[in-house]
Amino acid sequence: MFGPGEYVPDPTEGIVDITDLPVPQVGFYSRNHKQTPCPRCGHLASRHTSDQRTLHDLGDLCTGRPVDLLVTYSSHYCVTCRKHFNIDLSDLAPPGSHYTRRVIDIAVRVVVEDNLPYRPASWHLWRDHRVFVPFATIQNWVEAGGKKGARSHGRCLSGVGA
């Protein structure tokens, strides 16, 4: 008869070089539209170009590998406004971020609710969610959420330990 489980050590424990981590699985996601309404005037704008953006998401625990989303998005030109704009990806990730909102939410929650320091929180994210986030990045996310008037998805964070 088998017991509840057996201890299997983490094969990545002790790795100090990021290049030695497992190669991520790539998931493809498309927001490439032929036409979309202009956010300024509402006029139907045609696709001008398309581009790709890589976002780090929560990893696959079955395979023990991280997951990267390769997001293809379109850029459009509005003839009425004479302006270029990209498809809105703010529901997936904040502008300029390399991480999805799911990763940011879990990282901030680990620090604020579990009272973990930044370095152990970074290790926790790798061990339990297979996403590598430098501890300084987590610190920036937590401190940005605690600023006066800053909001995170409509919820207000009053600061660390709130």
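**Group meeting: helices, cores and two unusual backbone angles**

Let me begin with helix H2, residues 118–129, and helix H3, residues 135–145, whose axes come within 8 Å of each other and cross at roughly 110°; the axes here are lines fitted to C-alpha atoms, for helices over the stretch in contact, and the angles run from 0 to 180 degrees between N-to-C directions. That crossing makes H2 roughly perpendicular to H3, where angles of 65 to 115 degrees count as roughly perpendicular, those under 35 as roughly parallel, those over 145 as roughly antiparallel and the rest as oblique. Helices (H or I, at least four residues) and strands (E, at least two) are DSSP runs, numbered from the N terminus.

Before going further, I should say that this is a predicted model, in which local features need pLDDT of at least 70 and side-chain atom pairs count only at pLDDT 80 or more, while totals for chains, interfaces and linings use all residues. Residues are numbered from 1 along each chain as its sequence is written, and side-chain values use heavy atoms, with hydrogens and water left out.

Which residues meet where H2 and H3 pack? On the H2 side they are Tyr118, Arg119, Ala121, Ser122 and Leu125, and on the H3 side Phe135, Ile138, Gln139, Val142 and Glu143, contact meaning heavy atoms within 4.5 Å. By class, this contact of H2 with H3 has six nonpolar, two polar and two charged residues; Ala, Val, Leu, Ile, Met, Phe, Trp, Tyr, Cys and Pro count as nonpolar, Asp, Glu, Lys and Arg as charged, and the others, Gly among them, as polar.

Ser122, which lies in helix H2, is buried, with a relative accessible area of 10%; buried means under 20% relative accessible area, exposed over 50%, and partly exposed in between (1.4 Å probe, protein chains only). Not counting residues up to four places away in sequence, Ser122 touches Phe132, Val133, Pro134, Phe135 and Ile138.

Stepping back to the whole chain, its secondary structure comes to three helices and five strands, and from the N terminus on the elements run β-β-β-β-β-α-α-α. The chain has 162 residues, of which buried residues make up 34%, and among its contacts with a separation of 6 or more, 61% are between residues 24 or more positions apart.

Now to the interior. The largest nonpolar core has 17 residues, of which Tyr99, Val103, Leu125, Val131, Val133, Ile138 and Trp141 touch the most other members; such a core is a set of buried Ala, Val, Leu, Ile, Met, Phe, Trp, Tyr and Cys residues joined through side-chain atoms within 4.5 Å. H1, H2 and H3 each supply at least two residues of this core, and its largest share, eight residues, comes from H1. Val133, leaving aside its neighbours within four places in sequence, is in contact with Tyr99, Val103, Ser122, Leu125, Ile138 and Trp141. Apart from this core lies another, of seven residues, among them Leu55, Leu69, Val71 and Ala93.

How many aromatic pairs are there? The count comes to one, by the rule that rings of Phe, Tyr and Trp (its six-membered ring) pair if their centres lie within 6.5 Å, with planes under 30 degrees apart counted as stacked, over 60 as edge-to-face and the rest as tilted. The pair is formed by Tyr99 and Trp141, and it is edge-to-face, at 5.4 Å centre to centre and 80° between the planes. It links distant parts of the chain, with Tyr99 in the loop between strand S5 (83–86) and helix H1 (101–112) and Trp141 in helix H3, 42 residues apart. Tyr99 is buried at a relative accessible area of 11%, and Trp141 is buried at 16%.

Next, the backbone. Most residues other than glycine have a negative phi. Arg82, in the loop between strand S4 (65–78) and S5, has a positive phi near 60°, and Arg130, in the loop between H2 and H3, has a positive phi of about 55° although it is not a glycine. Are these two residues buried or exposed? Arg82 is exposed, with a relative accessible area of 66%, whereas Arg130 counts as buried at 8% relative accessibility.

I will finish with Arg47 in strand S3 (residues 44–60), which counts as partly exposed at 37% relative accessibility. Arg47 and His76 are 29 residues apart in sequence and 4.3 Å apart in space, C-alpha to C-alpha.
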